[in-house]
Amino acid sequence: MAIWIYAEHKNGQLKKVTLELLSEGRKLAGQLNEELAAVLIGKDVAALAATLGEYGADKVYLAENDALENYTTDGYTNVLAALAKEQQPAAILLGCTVQGRDLAAQVAQRLGTGLCTDCTGLELADGRLVFTRPIYAGKAFVKAAVPEARPAMATVRPNVLGVTAPQAGRSAEVIKADAQPGDIRQVIKDIVCQISTRPELTEADIIVSGGRGMKGPENYKLLDELADVLGAAVGASRAAVDAGWVPQSMQVGQTGKTVSPVLYIACGISGAIQHLAGMSSSKCIVAINKDPEANIFKVADYGVVGDLFEVVPLLTAEFKKM
Ligand code: FAD
């Protein structure tokens with residue numbers, strides 16, 4: 001009846017959401033008196049098991065195979081679903097990332113169980129896992145329990161749960177799992193277009209985001225400069241993406257990425273419901289907009305009514321002094 005977390009990693013590093021899931025999973029496993037296991041899939045990833053142990057995993061199921069070097073829906077689903085069928089965990093938790101969403105849906109279907117997506121909280125009630133998730137584009141929250149289905153599956157929004165400090169020297173039992181990816185029908189190559197030292201959008205503590213008010217792609221350098229000073233990621237509204245100013249990977253919102261940074265600075269973004277769906281769980285929202293009636297001010301903690309082409313360079317200059 002263990003609780004499992006899927007250990008997502010990239011470029012030899014565990015994703016922050018993996019550590020967040022371990023921290024929360026550790027608490028739940030302690031309350032249930034069950035073990036916490038991590039499932040680590042890939043090629044040459046065994047070294048990550050030590051970190052998983054330090055962050056709370058009792059066991060690590062290690063599935064290594066050359067064919068699993070890059071994520072594929074078929075390969076990773078085959079491995080995770082087969083392992084879950086064999087071991088029958090009580091719950092499987094994944095990050096609500098591009099990869100986690102894809103994998104969770106496939107595995108849930110394969111196991112014939114339900115899936116609670118984009119959760120922002122996990123708790124125990126009467127010995128059962130209860131997931132909190134936003135509905136109506138973040139306007140309300142529901143608590144969902146999974147009564148019958150085994151395992152209970154959920155994807156959890158990155159940056160919402162905290163990370164508890166690792167315990168140096170704590171180790172997990174590493175169990176070699178069957179790593180047969182089966183037939184892989186589709187391989188999506190991870191194409192790196194540009195090397196960025198910026199944090200990933202979904203994991204960033206600070207995001208500077210620009211919308212149609214940026215007026216054109218050339219003006220995003222203003223946001224880049226501010227982001228560089230703050231160590232922030234740069235995001236965008238769909239209007240900016242649809243205009244071809246920035247890539248879709250930068251889009252925040254209902255049909256883009258869901259983010260929960262400590263600070264979200266929205267520049268020239270009106271605050272359409274579909275944009276708010278992706279960022280309203282940010283801990284502090286700062287809006288810069290020249291229209292005092294803009295909807296974004298309804299969710300903003302701090303608002304600057306003004307021209308972003310004046311305000312953003314001023315902010316950059318002030319932060320540089322700090
Ligand atoms: P606008 O609404 O045009 O707002 C631009 C803002 O910039 C205005 O408020 C204006 O006052 C301000 N401004 C202009 N110039 C300046 C200046 N110099 N200084 C300061 N402020 C200035 N949108 C998303 O963002 N993400 C999504 O995932 C998403 N998914 C969608 C899914 C569906 C099914 C649909 C129908 C829509 C979706 N949208 C999404 C689109 C959404 O409805 C809005 O059209 C979009 O968010 C608007 O982007 P914007 O705020 O940048 O542009």
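Visitor: At what angle do helix H3 and helix H4 pack, and how far apart are their axes?

Guide: In this predicted model, helix H3 (residues 73–87) and helix H4 (residues 98–111) pack at an angle of about 45°, and their axes lie 9 Å apart.

Visitor: What makes H3 and H4 oblique to each other?

Guide: Angles under 35 degrees would count as roughly parallel, and 65 to 115 as roughly perpendicular. The angle here is about 45°, so the pair is called oblique.

Visitor: Which residues make the contact?

Guide: From H3, they are Thr73, Tyr76, Thr77, Asn78, Leu80, Ala81, Ala84 and Lys85. H4 brings Asp102, Leu103, Gln106, Val107, Arg110 and Leu111. By kind, the residues of this contact divide into seven nonpolar, four polar and three charged.

Visitor: In which hand does H3 pass H4?

Guide: The crossing is right-handed.

Visitor: Now to the cysteines. How do you know that Cys116 is in no disulfide?

Guide: A disulfide needs two cysteine sulfur atoms within 2.5 Å. For Cys116 the nearest cysteine sulfur, that of Cys119, is 3.9 Å away, so the pair does not meet the cut-off. The count of disulfides comes to zero.

Visitor: Why is Cys267 without a bond to Cys284?

Guide: The closest cysteine sulfur to that of Cys267 is in Cys284, at 13 Å, and that is too far for a bond.

Visitor: Why are Cys116 and Cys267 called buried?

Guide: Buried means under 20% relative accessible area. Cys116 has 9% and Cys267 has 0%, so both values fall under the cut-off.

Terms used. Residues numbered from 1 in each chain as written. Predicted model: local features only at pLDDT ≥ 70, side-chain atom pairs only at ≥ 80, totals over all residues. Heavy atoms only, no water. Buried < 20%, exposed > 50% of the residue type's maximum accessible area, 1.4 Å probe, protein only. Axes fitted to C-alpha atoms, helices over the stretch in contact; angles between N-to-C directions. Helix = DSSP H or I, 4+ residues; strand = E, 2+ residues; numbered from the N terminus. Parallel < 35°, antiparallel > 145°, perpendicular 65-115°, else oblique. Left-handed = near helix turned anticlockwise from the far one by under 90°. Contact = heavy atoms within 4.5 Å. Nonpolar A, V, L, I, M, F, W, Y, C, P; charged D, E, K, R; others polar.
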